[in-house]
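User: I want the reasoning behind the labels on this model. Please take me through it.

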Amino acid sequence: MKVLVTCPPMIGAIERFEPLFAAKGIEVNCPSVIQTLSVEELKKLVPQYDGWIIGDDPANREVFAAGKAGNLKAAVKWGVGVDNVDFKAAQELQIPITNTPRMFGGEVADIAVGYVIALARQTFVIDRGVRAGQWPKPSGISLANKKVALVGFGDIGKNTAKRLLAFDMQITAYDPYFQPALGLESVESAVWPKKLSEADFIILTCALTQNNRHLINSETLAQAKLGVRIVNVARGPLIDEVALAEALASGYVHSVALDVFEEEPLSANSPLRKFERCIFGSHNASNTVDAVHRASERAIALLFEFLGVN
């Protein structure tokens, strides 16, 4: 049997997992991937393999159909987000498939909180200034009693809330499936975009769905508080980047921290690049040694179960 891995964090640590495959007599292959492979590349590759551990690749019906016509017997989406995977198509083609939820809520929340602190205290401005031979001292804002609009109250959202409450911040969560959580009783619930005008920070930790694409757009930004700071550790298409660039240019949005983008890697001509008040990530919030090990072992175990090699 042969298994294809197209998840960059797992590929980066593949030497650690190769013995698990070797013990089952399975050959594992990792193509060169910066963020994702194209549909055409996947249509050529996937049919050659019995199993596929998927990253953020466009795993659509075309790809699964090509895989089914070849050797593909099962697939696992590495991580939580599944917006890039056509689960319905896989199921209709009788390809067993699942994801690996609740693997790194804490790790992504750590990055979200790190971004909140960086935007509040402008640590990135100080760093850039000192490197340039300056000695800047921008005035930041305190976190205590600041209000947060937290979009998404799943594993990542709850972990983010837990950390922000330690800073005495006030949190309103937006999630159609909101359920009160132990230790997070002070988190309020609201329907988006109600109360958005009160938020000092907007933090996106939700899944991307057909209903929330461009959740942050010109209309919702107009309802936000003047000087709002925005953090996105979820999915890039949650934000209309053209509208966000306009809000940054006008000064209506103070600053943003984005780990994800509508197009990844970030386009060289993205209008966001010209704003000094932007912190950019590389869709890397879950990537710690511990989390990659945990999620990869889970993905491998699930795939082996599907392939009947346990």
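Analyst: What follows covers burial and salt bridges in a predicted model.

User: Why is Gln-122 called buried?

Analyst: Its relative accessible area is 14%. Buried means under 20%, so Gln-122 qualifies. Gln-122 sits in the loop between α6 (105-121) and α7 (123-131). Among its contacts are Pro-138 and His-254.

User: What makes Asp-56 and Lys-77 a salt bridge?

Analyst: The N to O distance is 3.8 Å. The cut-off is within 4 Å, between a Lys or Arg nitrogen and an Asp or Glu carboxyl oxygen, so the pair counts. The two residues are 21 apart in the chain, with Asp-56 in the loop between β3 (51-54) and α4 (61-69) and Lys-77 in strand β4.

User: Why is Lys-77 called buried, and why is Asp-56 called partly exposed?

Analyst: Lys-77 has 2% relative accessibility. The limit for buried is under 20%, so Lys-77 is buried. Asp-56 has 22%. Partly exposed lies between 20% and 50%, so Asp-56 is partly exposed.

User: How do you know that Asp-83 and Arg-235 form a salt bridge?

Analyst: Their side chains meet at 2.7 Å, N to O. That is within 4 Å, so the pair is a salt bridge. This pair links positions 152 residues apart. Asp-83 and Arg-235 also belong to a network of salt bridges with Asp-56 and Lys-77.

User: What makes Arg-131 exposed?

Analyst: Its relative accessible area is 69%. Exposed means over 50%, so Arg-131 is exposed. Arg-131 forms a salt bridge with Asp-127 (3.0 Å, N to O). Both lie in helix α7, four residues apart.

Methods:
Residues are numbered from 1 along each chain as its sequence is written. This is a predicted model: local features need pLDDT of at least 70, side-chain atom pairs count only at pLDDT 80 or more; totals for chains, interfaces and linings use all residues. Side-chain values use heavy atoms; hydrogens and water are left out. Buried means under 20% relative accessible area, exposed over 50%, partly exposed in between (1.4 Å probe, protein chains only). Contact means heavy atoms within 4.5 Å. Lists of a residue's contacts leave out its neighbours within four places in sequence.
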